[in-house]
Amino acid sequence: MTTTVTNDRTAPIKKLLIANRGEIAARIIRTARDMDIATVALYSDADRFAPYVAAADEAVHLPGTTPADTYLRADLVLAAAAATGADAIHPGYGFLSENASFARSCVAAGVRFVGPSPEAIEAMGSKIAAKDMMRAAGVPVLPGVTVESDGDADPALLAEAAAGIGFPILVKAAFGGGGRGMRIVHNASELAEAVAGARREAASAFGDGTVFLEKFVESPRHIEVQIFGDRHGTLVHLGERECSIQRRYQKIIEEAPSTAVDEALRDELGRAAVAAGKALSYEGAGTVEFVMAPDGTFYFLEVNTRLQVEHPVTELVTGIDLVRAQLLVAAGYPLPPEMLHTVPNGHAVEVRLYAEDVAAGFIPASGELTTLEFPDSPNVRVDAGFTSGSTVSTFYDPMLAKVIGYGRTRDEACARVARALRDTRIHGVSTNRDLLIGILGESEFLAGAIDTGYLERHRPATLMGDEETGHPRWRTHALVAALADQAGRRASTTVLPGLPSGWRTLPSQDQCVTYAAGSEDLTVRYRFDRSTLHATVHDWQPEVHLLSATSELVDAEIEGVRRRYRITRCGNIHYVDSALGATALKEIERFPDPSSVQESGSLLAPMPGSVVRIEVAEGTPVTAGMPIVVLEAMKMEHTVRAPADGMVSGISVRVGTQVETGQVLAVVSGTDQDLPAGADS
């Protein structure tokens with residue numbers, strides 16, 4: 001469809017304010033600069049030195065750190081637009097992107113909102129009203145009920161509603177997304193607690209505790225369709241995306257097209273998505289999300305009235321810059337001709353690289369990224385919000401970057417992303433990099449046999465290949481770290497600097513260092529006798545030929561295989577990167593300060609956060625698995641539980657306390673073990 005546009009309806013954007021942060025702000029700035037549109041960034045105290053701020057032409061400071069004090073302050077955003085003369089605002093995703101009131105305020109202020117109309121946002125702001133509208137438009141919808149008040153959450157009423165829906169049931173926040181305020185309930189005994197928890201989480205994250213219950217589709221796929229409309233009545237879809245690989249109901253791997261969708265099903269999904277868009281008189285970029293059963297039957301989930309995190313895979317298989325199209329539509333132009341008839345060409349896969357501790361249950365991580373270096377790989381795109389030296393704060397989503405690969409085939413795209421991840425150097429915080437690599441090479445994933453329960457069937461530890469520190473990578477990297485450290489010491493000494501540490505004309509006592517590696521300790525012993533290096537890692541005695549060693553680079557032949565190892569030391573943490581993979585080793589002090597040793601039975605905070613509930617009182621007997629303290633971090637609840645039977649002999653925090661990782665929360669006595677940090681959500 002082609003539309004003729006009169007000049008009085010178009011007004012090119014001259015200066016664009018990006019009401020967001022991180023990688024999406026950097027990505028929008030990139031396209032705006034290519035279109036010769038001046039850009040304005042916003043930054044909180046925590047983002048003062050973020051890369052996207054430097055990339056913008058101008059930037060405005062929003063005092064504070066929390067989203068509520070900064071990026072969610074519509075008045076401050078509009079004031080920044082007025083101060084800089086911005087004539088348009090792009091909200092990115094999250095924050096104010098789906099806030100109908102903010103969109104109206106932009107219109108009232110004479111600033112173009114790069115997104116759909118306030119009415120469309122408002123209509124989809126309530127998942128309950130959205131389902132009613134979609135049902136009327138002929139879009140398939142799952143049955144469900146709404147829980148708006150404490151009265152609706154009465155166990156008897158919930159049981160009656162559940163009987164009509166049937167288990168398993170999905171409990172989901174009515175306002176917002178990202179997996180917050182979501183629970184899957186398998187039987188009646190779990191329902192009341194799940195609804196209460198979902199309502200608390202939803203109220204904290206979105207300011208409204210309304211949730212709804214609907215039938216949970218077994219072994220579902222999460223399929224979404226990109227739609228795009230202009231103000232001249234043209235509305236198209238740009239194909240589907242597969243978003244089934246999820247943890248905590250949040251996507252971590254997305255791709256286009258889906259392996260489960262053929263041409264006929266793609267047409268059916270597309271027609272349903274377009275019908276949804278037409279019911280909204282939709283303008284700009286939007287995503288219609290569906291849950292799809294194994295037989296191909298699909299049901300409406302929601303419409304995200306914004307640009308999606310995973311939009312790059314659609315860009316790569318269609319060749320269309322979706323941000324450019326958003327800016328053109330916001331300026332009054334019709335959809336570019338190339339958007340009117342698109343078919344997927346090739347395959348694209350995106351992974352979300354998160355700062356998180358996978359082994360501890362995907363707990364968000366924070367701290368300084370001492371190193372973050374991505375390779376320059378062909379057909380691989382990196383959208384990053386951080387760089388070396390950046391700080392990952394506790395106030396925002398911990399996604400570091402998106403790595404997107406394109407190939408003629410799915411296998412090609414997966415291989416390119418996996419190689420790019422292997423060649424990426426990340427030091428300073430824990431990430432999910434090894435998990436992503438493991439998934440990309442796993443046979444079931446490569447066969448396309450996936451659904452939203454994939455990570456329930458495949459243990460993350462197995463996918464990462466590091467269930468025990470006896471793995472060759474751990475042992476080899478521990479040895480290399482010790483050799484790099486001794487080389488650094490010898491380089492800085494003024495006494496016989498040409499000799500390696502531990503060298504003796506006659507055999508003598510070994511040099512010794514112990515590293516915390518995963519859940520165990522690795523002790524490395526070594527000595528140099530003339531030209532021979534003798535080394536032991538626990539009971540492993542490898543044949544080692546050391547060709548060269550500095551504090552940052554070791555070239556060695558170990559057990560007949562020569563590799564080059566890059567080492568970065570940050571305090572007592574040694575990071576080793578090689579063809580074997582990446583390892584972080586914590587050097588254990590030989591003579592620790594006794595005051596630094598925690599009391600036996602201490603429960604430690606697994607992450608920085610705020611104490612929102614204390615579930616027990618001092619003197620309470622507890623059994624393994626009982627909740628002790630509930631923390632809130634990044635708008636999600638994390639429950640610290642008793643790992644063993646005992647008695648709560650001390651509680652060190654109160655509700656509202658801000659805690660750091662490793663801080664003592666409580667002490668459970670009567671156990672014969674130390675209690676490390678542990679939480680679930």
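1. In this predicted model, Ile89 has Phe113 of strand β5 as its bridge partner. The strand β4, residues 88-90, is joined to β5 by 2 bridges, and the two run parallel. Strands of a sheet pair in this way through backbone hydrogen bonds, either parallel or antiparallel.

2. The pairing of β4 with β5 belongs to an open sheet of 5 strands. Their order is β3-β2-β1-β4-β5, with parallel pairing. At the edges stand β3 (58-61) and β5 (112-113), each of which pairs on one side only.

3. Ile89 also appears in the largest nonpolar core, which has 93 residues. Together with Leu16, Leu17, Phe228, Ile253, Ile439 and Leu440, Ile89 touches the most other members of that core. A separate core of 27 residues lies apart from it, and includes Ala535, Val537, Ala556 and Ile558.

4. Which residues does Ile439 touch, if those up to four places away in sequence are not counted? The contacts are Ile245, Ile252, Ile253, Phe445, Tyr454, Leu455 and Leu463. Of these, Ile253 is named with Ile439 among the core residues that touch the most other members.

5. Helix α1 covers residues 22-34, which makes 13 residues. At 1.5 Å a residue the helix should span 18 Å, and the end C-alpha atoms lie 19 Å apart, so expectation and model agree. Its buried residues are Gly22, Glu23, Ile24, Ala25, Arg27, Ile28, Ile29, Thr31 and Ala32. In general, an α-helix has 3.6 residues a turn, so residues three or four places apart point the same way. After α1 comes Asp36, which has a positive phi, near 60°.

6. The structure contains 6 aromatic pairs. Why is the pair of Phe290 and Phe298 edge-to-face? The ring centres are 5.1 Å apart and the planes of Phe290 and Phe298 stand at 75°; planes over 60 degrees apart count as edge-to-face. Phe290 is buried, because its relative accessible area is 0% and the limit for burial is under 20%. Phe298, at 5% relative accessibility, counts as buried by that limit.

7. Ring pairs also join Tyr71, Phe95, Phe395 and Tyr396 into a cluster.

8. Two arginines are placed over aromatic rings. The charged end of Arg247 sits over the ring of Tyr354, at 4.3 Å from the ring centre. Arg473 lies over the face of Trp474, and here the distance to the ring centre is 5.5 Å.

Technical notes: Residues numbered from 1 in each chain as written. Predicted model: local features only at pLDDT ≥ 70, side-chain atom pairs only at ≥ 80, totals over all residues. Heavy atoms only, no water. Core = buried A, V, L, I, M, F, W, Y, C linked by side-chain atoms within 4.5 Å. Buried < 20%, exposed > 50% of the residue type's maximum accessible area, 1.4 Å probe, protein only. Contact = heavy atoms within 4.5 Å. Helix = DSSP H or I, 4+ residues; strand = E, 2+ residues; numbered from the N terminus. Expected span 1.5 Å × (residues − 1). Phe/Tyr/Trp six-rings, centres within 6.5 Å; stacked < 30°, edge-to-face > 60°. Lys NZ or Arg CZ within 6 Å of the ring centre and 35° of its normal. Pairing = 2+ DSSP bridges.
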